[in-house]
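Q: Please take a close look at the salt bridges in this model. Which side chains pair up, and where do they sit?

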Amino acid sequence: MSKFQALDLGLVVRGHGRHYIVEDADGRRFVCHPRGKKSDAVVGDQVRFAEASADEGVVEAVEPRRNLLFRQDEWKTKSFAANLDQLLVLVAVEPVF
């Protein structure tokens, strides 16, 4: 048996620093923390997590992504969302962009 077979599959629906809200297939939401110091999960990621209590869990792994939305400058890259199906770009007429 693989170590990931016993873990639940969930969708990251919100992220705040190292805290994620993960929704399982039944619609239950868990406050999850990544294992380790660094996490690369973003909103839209499918993750494998272990329930730690009735409403908390630990993210053990991030499933492969279809795509990733990020911004990059000279010093760092910031990821925002993954597995997007649609993207709406809105630009105001006034003031001029």
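A: Arg66 and Asp85 are both exposed in this predicted model. Their side chains meet in a salt bridge, at 2.7 Å from N to O. Arg66 belongs to the loop between β5 and β6, and Asp85 to the segment after β7, so the bridge ties together parts that lie 19 residues apart in sequence.

Now turn to a network. Asp24, Arg28 and Glu51 are joined into one by salt bridges that share partners. Within this network, take the pair Asp24 and Arg28: their closest N and O atoms are 2.9 Å apart. Is each partner buried or exposed? Asp24 has a relative accessible area of 9%. The limit for buried is under 20%, so Asp24 is buried. Arg28 reaches 40% relative accessibility and therefore counts as partly exposed.

Next comes Arg48. Arg48 forms a salt bridge with Glu63, with the closest N and O atoms 3.3 Å apart. This pair links distant parts of the chain. Arg48 is in strand β4, while Glu63 is in the loop between β5 (56-62) and β6 (68-72), 15 residues away. Glu63 counts as partly exposed, at 26% relative accessibility.

Glu63 has another neighbour to look at. Val47 is in contact with Glu63, and also with Val12, Val22, Ala41 and Val59, among others. Val47 is one of the 9 residues of the largest nonpolar core. Strand β4 (46-51) gives two or more residues to this core, as do β2 (19-24) and β3 (29-34).

How many salt bridges are there in the whole structure? A search finds 7.

Conventions: Residues are numbered from 1 along each chain as its sequence is written. This is a predicted model: local features need pLDDT of at least 70, side-chain atom pairs count only at pLDDT 80 or more; totals for chains, interfaces and linings use all residues. Side-chain values use heavy atoms; hydrogens and water are left out. A nonpolar core is a set of buried Ala, Val, Leu, Ile, Met, Phe, Trp, Tyr and Cys residues joined through side-chain atoms within 4.5 Å. Buried means under 20% relative accessible area, exposed over 50%, partly exposed in between (1.4 Å probe, protein chains only). Helices (H or I, at least four residues) and strands (E, at least two) are DSSP runs, numbered from the N terminus. Contact means heavy atoms within 4.5 Å. A salt bridge is a side-chain nitrogen of Lys or Arg within 4 Å of a carboxyl oxygen of Asp or Glu. Lists of a residue's contacts leave out its neighbours within four places in sequence.
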